[in-house]
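This report describes a predicted model of a protein with a bound ligand. The sections below take up the ligand site, selected helices and residues, and the confidence of the prediction.

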Amino acid sequence: MDQKRIVIIGAGVVGCSTAYYLSKMGQKNITVIEQGPLFETGGSTSHAPGLVFQLNSSKVLTRLASQTVEAFKELSNDDAPSFYSVGSIEVAQTHERFEELKRKAGIAKSWGIEASILSPEECVEKSALINGAIIYGGLYVPSDGIAKPLRAVDKMAGFAKSCGAKFFGHTEVTGIHVVNDEVKTVETSIGSFEADLVICCAGFWGPRIGEMVGVTIPLQPIAHQYVFSNDLVELANEVDEVKSPLIRDQDKSMYFRQVFNGIGIGSYQHRSLPVEVSEISKYGESKEMPSVKPFTPDDFEKPWQDAVELIPGLKKAGWKKGINGIFSFTPDGMPLLGQSKKVRGFWVAEAIWVTHSAGVGKQMAEWIVNGAPTLDLELCDINRFDTYAQSPAFYKSRSVENYEKVYDIHHPYEPATTSRNMRFSPYFGRQQTLGAYFNETSGWEQPQWYEGNTQLVTNYEDKILMRKGWEARYWSPIIEAEHIHVSQYAGLFDVTAAKKRIEISGTGSLDFLQGITTSDVDIPIGQVTNTIILNEIAGIKDEIKIIRLKENKFFILCSGPVEASWIEKHIPFSSSISINDHTAGICGLRLIGPKANEIMGSFDQMNFNLSNLKLKDVKETYVGNVPVTVVYDIYDGIEGWELFTTFDQGIQLWDLLMDVGSPFHIIAGGARALESLRIDSFSVRSGKDFWSEHDPYEIGLDQMVDLTKTSFIGKEALVQRKEQGPKVSLVKLKIKDPSVVVMGHEPVLSGDEIVGFITSAGYGYSIGCGIVYALVKPEALHENVEFNIEYFDKQYEAFVINKSLVSTK
Ligand SMILES: Cc1cc2nc3c(=O)[nH]c(=O)nc-3n(C[C@H](O)[C@H](O)[C@H](O)COP(=O)(O)OP(=O)(O)OC[C@H]3O[C@@H](n4cnc5c(N)ncnc54)[C@H](O)[C@@H]3O)c2cc1C
């Protein structure tokens, strides 16, 4: 066992969970430094009421929560449980919310959480505190409950100590010494500690620790109200701390739990109360813990009225005390995990609720010890933010927006309202003129569709499947019209926001790329290839495109900053290979559709000779007077062209293509039509249909794996996984009823059994019905199998339409 000198900063629930799992995995040289007293440290954990609602639209958050519940149950004694499985009821006070709960019940099935819809009477049966007259019903999750984080912390720290870990309370970390971008020593109020690895689990103090090593930790501490009622008559005979289910009222942004004979009430309804880290008091400076700000009763007036309406017994009881407790929010509502790409050995586990804490500790330990976690943590990776998102102006306002919307009904296409207009491609002005409806992708303002294409809706009126209800939100029939038009003529799409564009160059570049990819990438200069990068445990990190420009110069298109930083991290320290990120300087356009080749052929007389190019060819040339790198390839299952140029000449390229394409009925198309065309072309996408929990055989990407290659990251694990056989299979289904489309994440059933869930969903104009891709249990795939898809409490029949995606293993 490779023993690392690990220093963990912070002994809250996250620091202790991480120490616990690292100890379980055999690490013995762990030091935990805590500025407050052990273990009621005064951080957020010390006053967390511990409500655990596991279900989240994010699969990874749901899994982290389930792992936390499992862990806390194991960390219980009969007389001192760390988790009370009392269940939860989420009530609906509006029809819209009740519909949303039905959708959530479906997602619960997809993510493996038992959940059911209750009538108002059934809600009252489960908790007599609820006023059944004002609700439409509720969502019941029996495995939810109350965590006792301090009890769990005590047990986890005890175990870690028994394995050799050392805990220092009342010890402040004052600095971190970094040499050659690598952590060396942690300076504290009692002396310095040498470290191979520092893990920042400092809660909302995290940004201060990040500053010590020059790493931005983009979180915003926000105060949140939590109030204790006096005893209720209805709970007068209770002797247990908690027996009643938790109650959540998202319409009023509130939650409730029993605390012996009273109720604990949390409210997100109040105005947001961001707190600067510099405003937080030091230990001992005030009688309250540093993580508590003075209560602001005015902010609780309206929530109290709402609380009394839902739980009438509260009126007589009244409330006795409240706190404005501080905890962390991030720009996208997800935690911040992993090793910073800037400083080797500097890891973070920040912005984590008690709900996800032990799951996070487990995954962090796996990541550190095995090189990769078993859950896909892409959405939580600290390196997911490009430079623009590291500005305090961006992440503070976006984090506050997240706080304000935390209990809203979230639609997958709902745009953010703060911190917009961060990044523009050079085509932005042209797109505005065409009436683009923009949404944000990785900070870029990206056209979703163009109002200028409205006429097409009339042209294709008889073909378009109109949407209603949930699917019709943030949607326009223009998306469908653009899809249909491009599949008959040609479409120009701005793909600047779609991928990260990096260049790898220098002696040894080819060997390096061979070592991180699953197929042979020693392609001729002027060619492109698609390949896969695997993590250390053979999970797919990304499907990437590699373009060879020179002997030792490669242009790579990968999914985003996480993948780019993963590639960068694997470049040998003292090699002469360099990596350059061109995402901000090179823009891209994609031309697809049956007329695309003819349009490109029109440039023949302007230097560019199409007749020389074959599929997979790349040419650095001029189109008119614009220097371009042209790539002729299959994109999302469709043959077409991508043209890259520098930002300064982007507009010229757009104008040229639109002018030359005009006789061929070219249109500018939005990102939503492009996605719809992808699904209709039966093409799978990294991050959407598969992620690092899956191997290429499970996804049907066998053709991108060459096991005769000497070695590549993940090869040994892949051979083992291949021998073991697939745990899931990706299949494509068509929905029998041609008027039905779904949105993704719905459960797939075979008979009464839940056998998988949907990844991508769209409408296939090529076959005249809804198409979905689903990850299902391989055992469920047999001849003539029929599935049902559950959507808003109804089931729809679906059939496998293409078995080629099913692993051939
Ligand atoms: C009012 C309120 C209600 C909440 N309700 C819930 C709930 O019901 N369910 C839920 O899941 N979550 C809830 N949360 C959120 C949850 O409490 C936190 O997200 C969680 O406790 C964070 O744990 P942590 O270990 O990351 O941070 P903390 O518990 O804050 O621990 C971080 C530790 O780092 C230490 N530290 C910082 N800087 C230094 C330094 N320089 N040197 C040494 N030590 C340092 C701090 O002293 C602190 O002890 C609630 C939070 C609040 C405020």
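## Ligand site

A polar side-chain atom of Thr355 is placed 2.6 Å from an oxygen atom of the ligand. The protein covers 97% of the 990 Å² of accessible area that the ligand has on its own. Two or more residues of the surrounding shell come from each of the elements α1 (13–24), β14 (220–229), β20 (319–329) and α9 (354–370). Of the elements that contribute, β20 gives the most, with three residues.

Backbone atoms also approach the ligand. A polar backbone atom of Ile352 is 2.7 Å from an oxygen atom of the ligand, and a backbone N or O atom of Gln35 lies 3.0 Å from a ligand nitrogen atom. There are 35 residues around the ligand, and those that come nearest are Glu34, Thr41, Thr45, Tyr283 and Thr355. By residue class, the shell divides into 19 nonpolar, 14 polar and two charged residues.

## Helices α14 and α15

Helix α15 spans residues 561–569; seven of its nine residues are buried, so the helix is largely enclosed by the rest of the structure. The buried residues are Pro561, Val562, Glu563, Ala564, Ser565, Trp566 and Ile567. Their cover includes the strands β26 (500–505), β27 (527–534), β28 (540–550), β29 (553–558) and β30 (578–581), together with helix α14 (509–516).

Helix α14 is likewise largely enclosed by the rest of the structure, because six of its eight residues are buried. These are Ser509, Leu510, Phe512, Leu513, Gln514 and Ile516. Among the elements that cover the buried residues of α14 are β26, β27, β28, β29 and α15. Each of the two helices therefore appears in the cover of the other: α14 over the buried residues of α15, and α15 over those of α14.

## Arg257 in strand β16

Arg257 belongs to strand β16 (residues 254–259). Its relative accessibility is 4%, so Arg257 counts as buried, the cut-off being under 20%. The side chain of Arg257 reaches the backbone oxygen of Pro49 at 2.8 Å.

Not counting residues up to four places away in sequence, Arg257 touches Pro49, Leu51, Ile146, Tyr226, Glu241, Val242, Gly262, Ile263 and Gly264. Asn230 is 27 residues from Arg257 along the chain, and the C-alpha atoms of the two are separated by 13 Å.

## Thr759 in strand β38

Strand β38 (residues 753–764) contains Thr759. With a relative accessibility of 5%, Thr759 counts as buried. A polar contact of 2.7 Å joins the side chain of Thr759 to the side chain of Asp689.

Leaving aside neighbours within four places in sequence, the residues in contact with Thr759 are Lys688, Asp689, Trp691, Leu730, Gly744, Tyr773, Ala774 and Leu775. Asp689 is thus one of the contacts of Thr759 and also its partner in the side-chain polar contact.

## Confidence of the prediction

The chain has a mean pLDDT of 95, and 98% of its residues reach 70 or more. Over residues 803–809, however, the pLDDT is below 50; this stretch has 21 contacts in the model beyond near neighbours in sequence. Where pLDDT is low, the predicted coordinates should not be read in detail.

Note on methods
Residues are numbered from 1 along each chain as its sequence is written. This is a predicted model: local features need pLDDT of at least 70, side-chain atom pairs count only at pLDDT 80 or more; totals for chains, interfaces and linings use all residues. Side-chain values use heavy atoms; hydrogens and water are left out. A residue is near a molecule or strand if one of its heavy atoms lies within 4 Å of it. A polar contact is a pair of N or O atoms within 3.5 Å; within protein, one must be able to donate a hydrogen and the other to accept it, and residues adjacent in sequence count only if both atoms are side-chain atoms. Accessible areas come from the Shrake-Rupley method with a 1.4 Å probe; for residues, only the protein chains shown count as cover. Helices (H or I, at least four residues) and strands (E, at least two) are DSSP runs, numbered from the N terminus. Ala, Val, Leu, Ile, Met, Phe, Trp, Tyr, Cys and Pro count as nonpolar, Asp, Glu, Lys and Arg as charged, and the others, Gly among them, as polar. Buried means under 20% relative accessible area, exposed over 50%, partly exposed in between (1.4 Å probe, protein chains only). Contact means heavy atoms within 4.5 Å. pLDDT is the predictor's confidence in each residue, from 0 to 100.
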